Amino acid sequence: MFDVILSVAISFTITFLAIPVIINVAEMKKLFDLPDARKIHQVPITPLGGIAIFAGFTFGCLLTVHFKDSFDFQYFMAAAFVTFFLGLKDDILVISPIKKFIGQVLAAFLIIYEGRIQIRSMHGFLGIYELPEMFSLLITYFAVIVIINSFNLIDGVDGLAGSLGLISSFIFGIYFLDVNMPAYYVLAFSLSGSLLAFLIFNFQPAKIFMGDTGSLLIGVINAILVIKFINVANSTETTYPIISAPAIGFTILMIPLLDTLRVFSVRIFKRRSPFSPDRNHIHHLLLDRLGLSHRAITLTLVSLNLLMVGLVYLGRSLGNTLLIVSVIATFFLVIAGIYFLGSKRRLTVATPGKREAGKLEPSKLVSLLQDSVLEQKN
């Protein structure tokens, strides 16, 4: 328990003290993320908060983990350094998607080959258990890269990516603490401490963004934690086995994971690059269609995530396939509900009150209905 307190205290303190310094330096050097037609913020804000998150996380880990007992940990830190420099360059200079992808593959290589983090079984999902080695590697690479990108892409409103990363790392940390795996719970709680300090400055109105430097770090650490959690919790040899651990791990990351897969699929279906920017993420839909504030969006999605984790844990005896399919179905029902409520809201705003509705010309009413239908199709 002392390791937990120490890692959280160090990471929180360093991040908390570093952020004001970074904000001042960014103002002097004019290192800002400028508003444009696609971005939500209205004033220039520095995207270099990830530097503070990385500094706090790194010191929290290095001063707490016993490397003699955790040989894999050095490769996890190497992967974290790769994503740090990748994100930092993108935040300052902007790099092409292909270069970013190559860097993510390198980080995945360090995690899989050197850190020995690999998905070797589907644990009964869709009736599949042990995987052939080649297919296992492909699935693991895909999972790691998608998770890394998922936190990068969900970082669209104040406090959202940080809150989701805090929840996921904290839950994984609690489990690894319970099964006495020090390297992993230090990894999780160091990230939690850094994110907690960062959120003080990032909740609406945000004074700083985490940028790619922070979001990629959250993604790579959560990729390590979720795969290790599934492998350990699903084993009967652990001190605290959990039935349907893959479904629980999937649900912990459901918001960033499912939103990324949905957005990528839509872009590919429209014959666009999956990395091309748009305003189709779930937080954009809540903002544009329902008019929710940044704070309301964050609280709504975090609450939904926690609710689903609790329900899946309580229903863990139902099996991985039924639980994962249920989580996916619930997520897409939420998306459908946002579109439906958004259409009704826009039609209500565009249509006058009851007393004036009778005065509305039929041609104008038909035009409003046609606009609503076209909007739903788009």
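Author: A salt bridge is a side-chain nitrogen of Lys or Arg within 4 Å of a carboxyl oxygen of Asp or Glu. This is a predicted model: local features need pLDDT (the predictor's confidence in each residue, from 0 to 100) of at least 70, side-chain atom pairs count only at pLDDT 80 or more, and totals for chains, interfaces and linings use all residues. Residues are numbered from 1 along each chain as its sequence is written, and side-chain values use heavy atoms, with hydrogens and water left out.

Reader: What is the mean pLDDT of the protein chain?

Author: Residues at 70 or more make up 88% of the chain. Over residues 354–370 the pLDDT is below 50, and this stretch has 7 contacts (heavy atoms within 4.5 Å) beyond near neighbours in sequence. Residues 372–378 are also below 50, with 5 such contacts. The mean pLDDT of the chain is 87.

Reader: With which residue does Arg262 form a salt bridge?

Author: The partner lies 3 residues away in helix 10, about one turn of the helix. Both residues are buried, that is, under 20% relative accessible area with a 1.4 Å probe and protein chains only (exposed is over 50%, partly exposed in between). The closest N and O atoms are 2.9 Å apart, and the partner is Asp259.

Reader: How far apart are the end C-alpha atoms of helix 10?

Author: Helices are DSSP runs (H or I, at least four residues), numbered from the N terminus. Helix 10 has 16 residues, 254–269, and the expected span is 1.5 Å times one less than the number of residues. The expectation agrees with the model, where the ends of helix 10 are apart by 22 Å.

Reader: Which residue forms a salt bridge with Arg267?

Author: Arg267 lies in helix 10 and its partner in the loop between helix 10 and helix 11 (282–288), so the pair ties together parts that are 11 residues apart in sequence. Arg267 is buried, with a relative accessible area of 2%, and the partner counts as buried at 14%. The closest N and O atoms are 2.9 Å apart, and the partner is Asp278.

Reader: Which residues are joined into one network by salt bridges that share partners?

Author: The structure holds 8 salt bridges. Those that share partners join Asp90, Lys100 and Asp212.

Reader: How far apart are the closest N and O atoms of Arg120 and Glu133?

Author: Arg120 sits in the loop between helix 4 and helix 5, and Glu133 in helix 5, 13 residues apart. Arg120 is partly exposed at 44% relative accessible area, as is Glu133 at 43%. In their salt bridge the closest N and O atoms are apart by 3.1 Å.

Reader: Is Ser121 buried or exposed?

Author: Ser121 lies in the loop between helix 4 (97–114) and helix 5 (133–154). Its side chain reaches the backbone nitrogen of His123 at 2.9 Å, and a polar atom of that side chain lies 3.2 Å from the backbone oxygen of Tyr129. Beyond residues up to four places away in sequence, Ser121 touches Tyr129, Glu130 and Leu131. At 8% relative accessibility, Ser121 counts as buried.

Reader: Which helix gives the most to the largest nonpolar core?

Author: A nonpolar core is a set of buried Ala, Val, Leu, Ile, Met, Phe, Trp, Tyr and Cys residues joined through side-chain atoms within 4.5 Å. The largest has 104 residues, and Phe229 is among those with the most contacts inside it. With 14 residues, the top contributor to this core is helix 8 (residues 211–233).

Definitions and conventions. Helix = DSSP H or I, 4+ residues; strand = E, 2+ residues; numbered from the N terminus. Polar contact = N/O pair within 3.5 Å; in protein donor to acceptor, adjacent residues only side chain to side chain.
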